[in-house]
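Good morning, colleagues, and thank you for the time. I would like to walk through one structure, going from its pocket to its salt bridges.

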Amino acid sequence: MEFPDPLLRGRLLRRYKRFLVDIALDSGEEITAHTPNPGSMLTCLHPNAEVYVSRSDNPKRKLAYTWELVRSGASLVGVNTALANGLAAEAILAGHIPALADYDTLRREVRYGANSRVDILLEFAERPPCWVEVKNVSMGREGVAGFPDSVSKRAAKHMAELSAQVRAGHSATVLFVVQRMDCRVFRPADDIDPGYGQALRAAAATGVRVLAWQAEVTPWGIVLAAPMAAEL
């Protein structure tokens, strides 16, 4: 996935009101950008960190800028959670994820469960459909990518709904899209949200497949590059 226009570089000033961030661009201009990330962004909010934003010319937008990347240590990190589903779909359609290959159709945002929408539904006439829930991972601690970075009852509910699809005879997968390059393994962040860790392990026990894929993150684009070990 390439960014349609060159990103603008700057320095992080502060994040506030959850979805707002103030940034000092290299040009000297100070801007307020949208932060498309509902989590705590733990390990991503380093004072004066190098950041990258995209700019939209859409006059209907309240904020022209969107925060896309931040440097954490030696790694760039993708903080735009809205990109995770697209990255996953792009990799699946290209056949890069063997466990999710060889399906005829890919549909996104399909209703299922208790008033939920699954991120991706894979279908093939000669075998059961595969329901895929995509989770964006931006948190990294000492080489370990972790999810979630804040308590998320909604994410735990998704695991129960995937388990229900398996019990119904379908296939189900949770795919963790790790948008940083400095981690070697994925683990649920039990210290932050033990309920989600329990829900993930319970889902895996019912037959929900757990996958983690690491992205290559650059100022020009992001792509899912390689599988990562997932330790539950």
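A word on naming before we begin: helices and strands here are DSSP runs, a helix having at least four residues and a strand at least two, and they are numbered from the N terminus. Please also keep in mind that this is a predicted model.

With that naming in hand, let us start at the end of one helix. α2 is followed by Gly 169, and the phi of Gly 169 is positive, near 95°. The helix itself, α2, has 15 residues. From its first C-alpha to its last, α2 reaches 21 Å, which is close to the 21 Å expected at 1.5 Å a residue.

Which residues of α2 are buried? They are Ala 155, Ala 156, His 158, Met 159, Glu 161, Leu 162, Ser 163, Gln 165 and Val 166. These buried residues pack against the strands β7, β8, β9, β11 and β12, and also against α3. In sequence, β7 covers 105-112, β12 covers 171-178 and α3 covers 194-206.

I turn now to the largest pocket. Its volume is about 670 Å³. How many residues line the largest pocket, and which lie nearest its centre? The lining has 29 residues, and nearest the centre lie Pro 38, Thr 81, Lys 135, Phe 147 and Arg 154. Several elements give two or more residues to this lining: α1 (84-93), β8 (116-124), β9 (127-137), β11 (144-147) and α2 (153-167). The largest share, five residues, comes from β9. Sorted by class, the lining holds 10 nonpolar, 11 polar and eight charged residues.

One of the residues nearest the pocket centre, Phe 147, also takes part in a notable backbone feature. The peptide bond from Phe 147 to Pro 148 is cis, with omega near -5°. Pro 148 has its place in the loop between β11 and α2.

Two further backbone points deserve mention. Glu 109, in strand β7, has a positive phi near 55°, and it is a residue other than glycine. Is Glu 109 buried, partly exposed or exposed? Its relative accessible area is 40%, so Glu 109 is partly exposed. Glu 142 likewise has a positive phi, near 50°, in a residue other than glycine. Glu 142 is found in the loop between β10 (139-141) and β11, and it counts as exposed because its relative accessibility is 79%.

The next residue along from Glu 109 in strand β7 is worth a moment. Val 110 is found in β7, and its relative accessible area of 12% is under the 20% limit, so Val 110 is buried. What does Val 110 touch, leaving aside its neighbours within four places in sequence? It is in contact with Ser 116, Arg 117, Val 118, Leu 121 and Trp 131. Of these contacts, Leu 121 lies 11 residues from Val 110 in sequence and 6.8 Å from Val 110 in space, C-alpha to C-alpha.

I close with the salt bridges. Side chains of opposite charge can pair when their charged atoms come close. The count here comes to 10 salt bridges, and I will describe three pairs among them.

In one pair, the side chains of Glu 50 and Arg 71 meet at 2.6 Å, N to O. Glu 50 lies in strand β4 (residues 50-55) and Arg 71 in strand β5 (residues 65-72), so the pair ties together parts that are 21 residues apart in sequence. Glu 50 counts as buried, at 11% relative accessibility, whereas Arg 71 is partly exposed, at 28%.

Another pair joins Glu 123 and Arg 107, at 3.1 Å, N to O. Because Glu 123 lies in β8 and Arg 107 in β7, this pair ties together parts that are 16 residues apart in sequence. Glu 123 is partly exposed, with a relative accessible area of 26%, and Arg 107 is partly exposed as well, with 40%.

The remaining pair I have chosen is Asp 191 with Arg 141, at 2.9 Å, N to O. Asp 191 lies in the loop between β13 (185-188) and α3, and Arg 141 lies in strand β10, so parts that are 50 residues apart in sequence are tied together. Asp 191 counts as exposed, at 57% relative accessibility, while Arg 141 is partly exposed, at 32%.

Definitions and conventions
Residues are numbered from 1 along each chain as its sequence is written. This is a predicted model: local features need pLDDT of at least 70, side-chain atom pairs count only at pLDDT 80 or more; totals for chains, interfaces and linings use all residues. Side-chain values use heavy atoms; hydrogens and water are left out. On a 1 Å grid over the protein atoms alone, a cavity is a set of points where a 1.4 Å probe fits but cannot get out, and a pocket is an open set with protein on both sides within 12 Å along at least five of seven lines; lining residues have an atom within 4 Å of a point. Grid points are joined across faces, edges and corners, and a volume is the space filled by probe spheres set on the points. Ala, Val, Leu, Ile, Met, Phe, Trp, Tyr, Cys and Pro count as nonpolar, Asp, Glu, Lys and Arg as charged, and the others, Gly among them, as polar. The expected span of a helix is 1.5 Å times one less than its number of residues. Buried means under 20% relative accessible area, exposed over 50%, partly exposed in between (1.4 Å probe, protein chains only). Contact means heavy atoms within 4.5 Å. A salt bridge is a side-chain nitrogen of Lys or Arg within 4 Å of a carboxyl oxygen of Asp or Glu.
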